Amino acid sequence: MEQVLALAPDAGAVAAGRKLGQAGVWRGLGRSARALWGECQGSALYQVRVDLADLAVACSCPSRKFPCKHGLGLLLLAAASPAAVPEGEPPEWVSAWLARRAERAAQRAPDAPVKKRPEKPPASADRAAARRADQRRARVAAGIEALDRWLSDLVRTGLASVATQPATFWEQQAARLVDAQAPGLAARVRRLAAIPNSSPDWPERLLGQLGRLALLTESYRRIEELEPALQEDVRGAVGWTLSREEVVARGEAQADEWLILGQRVTVEERLRAQSTWLLGARSGRFALVLQYANGRAAFPETLLPGSRLAAELVYWPSAYPLRALMARRQDKEIPMSGPVRGATTVAAFLDGAANALAQQPWLERLPCALRGVVARQEASAGVRWLLVDAEGVALPLAPGEHWRLLALSGGRPVDLLGEWGGEAVLPLGVVADGAYHRLGEDA
């Protein structure tokens, strides 16, 4: 039930889905090894189908929410009362949908045959592409020169000068970098706006971020001197992107049983961004799957926190590979069980984080898996939440109310799964008494 509710786009969809989780409002219910289906009477008779391989939902209703209340209702009914959804052969409208999904999945697979493109007109197209690439490199170089002057001015005049600056002070510089076709640098400058006056030590934190930004611009100037993998990191941080085909061709593939540790959704420039952290049960490697969707549209892959999924991932080329794409899913998700591999002390976790940053200095977030830690409050210098390991060493939790974590742990050691931003841990999941529970705003 918890995994089904984790799919809901908002609380309203949960409430409406619960009302439809009753057998009496459905007709033609059925299930097979691959799918669930049924018809629900609303203002019309809506056909609802669910692919059990990844819990993708399709409904003939006009709702813009994914999954809609009808899809949630069918899933809730199947989870709570399996006997109400009898086994059978799927009708044609379900079989046709499954066939279309299988065809699209085969086309996305890394070993799928590539459609032959028509012959390009003679070298004019190549010359035009090369000219555009040269123009972009020139614009980026000019934008970085201007950014370096701006950074030097900040340091020369003193960081106290930005304490009273409005948000437009940062946005104007970010906009110049967007015009210079360096969106990665622009995003980093925008994030600086949240630091001034945010804490007593904000000048130190701001100076550290300015230093990382200066290291990035200097690295871009001398990019030919870097190792190839680090060159990829620098280009990506500045704003160059890779297509799926390029990642598959140049990245490292890793097949494993992946534990889905946690997930969060943020809004980035009118797009919803979903970040999902995974851990290979056999390899012990972490992976970050980033997905984007417009408005309330569904994300391409359905990934349920607390599940175990057999799949092949392909990592973006990097000096410290973390981001990955889902190349192939081999089985449907099953609930995670048992302890999760992770650091047993805060010191061991911080050593791992330091090693990652030594290889790739512009990592802004890292996975955190801590075993046997206790959540507690400290009121000595303002109320704050901490994670304390068996040695009594503490690590701060991100600002917020973490009563759900405390309630689930009961004051006892638990395995905490989250995201480390360099200063605090954002909890995304917890394993207490052998069971996984989702944390965070979406829980």
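Is Glu-252 buried, partly exposed or exposed, and what is its relative accessibility? At 40% relative accessibility, Glu-252 counts as partly exposed; here buried means under 20% relative accessible area, exposed means over 50%, and partly exposed is in between, with a 1.4 Å probe and protein chains only. A word on the ground rules before we go on. This is a predicted model, in which local features need pLDDT of at least 70 and side-chain atom pairs count only at pLDDT 80 or more, while totals for chains, interfaces and linings use all residues. Residues are numbered from 1 along each chain as its sequence is written, and side-chain values use heavy atoms, with hydrogens and water left out.

**Salt bridges**

Let us stay with Glu-252 for a moment. Its salt-bridge partner is Arg-285. A salt bridge is counted when a side-chain nitrogen of Lys or Arg lies within 4 Å of a carboxyl oxygen of Asp or Glu, and that rule gives 25 salt bridges. Three of them are set out here.

| Salt bridge | N to O distance | Separation in sequence |
|---|---|---|
| Arg-205 and Glu-423 | 2.8 Å | 218 residues |
| Arg-285 and Glu-252 | 2.9 Å | 33 residues |
| Asp-415 and Arg-371 | 3.9 Å | 44 residues |

Where do these residues sit? Helices (H or I, at least four residues) and strands (E, at least two) are DSSP runs, numbered from the N terminus. Arg-205 belongs to helix α8, and Glu-423 to the loop between β14 (414-420) and β15 (425-432). Both ends of this bridge are partly exposed, Arg-205 at 21% and Glu-423 at 45%. Arg-285 is found in the loop between β6 (271-280) and β7 (286-294), whereas Glu-252 is in strand β5 (residues 252-268). The bridge of Asp-415 and Arg-371 joins strand β14 to strand β11 (residues 366-378). Asp-415 is buried at 10% relative accessibility, while Arg-371 is partly exposed at 33%.

Salt bridges also build a network, made of Glu-145, Asp-148, Glu-218, Arg-221, Arg-222 and Glu-225.

**Aromatic pairs**

A pair of aromatic rings is described by the distance of the centres and the angle of the planes. Rings of Phe, Tyr and Trp (its six-membered ring) pair if their centres lie within 6.5 Å; planes under 30 degrees apart count as stacked, over 60 as edge-to-face and the rest as tilted. The count comes to six aromatic pairs. One of them is the stacked pair of Tyr-220 and Trp-240, with 6.0 Å from centre to centre and 20 degrees between the planes. It links helix α8 (residues 202-221), home of Tyr-220, to the loop between α9 (228-238) and α10 (244-250), where Trp-240 lies, 20 residues apart. Tyr-220 is buried at 14% relative accessibility, and Trp-240 is partly exposed at 25%.

Trp-385 and Trp-403 make an edge-to-face pair, because their planes stand at 85 degrees, with centres 5.0 Å apart. Trp-385 is in strand β12 (residues 384-388) and Trp-403 in helix α12 (residues 403-409), so this pair ties together parts 18 residues apart in sequence. Trp-385 is buried at 5%, whereas Trp-403 is partly exposed at 46%. Elsewhere, ring pairs link Trp-150, Phe-169 and Trp-170 into a cluster.

**Charges over rings**

A charge sits over a ring if NZ of Lys or CZ of Arg is within 6 Å of the ring centre and within 35 degrees of the ring normal. Trp-240 has the charged end of Arg-136 over its ring, 4.3 Å from the centre. Likewise, Arg-323 lies over the face of Trp-316, at 4.0 Å from the ring centre.
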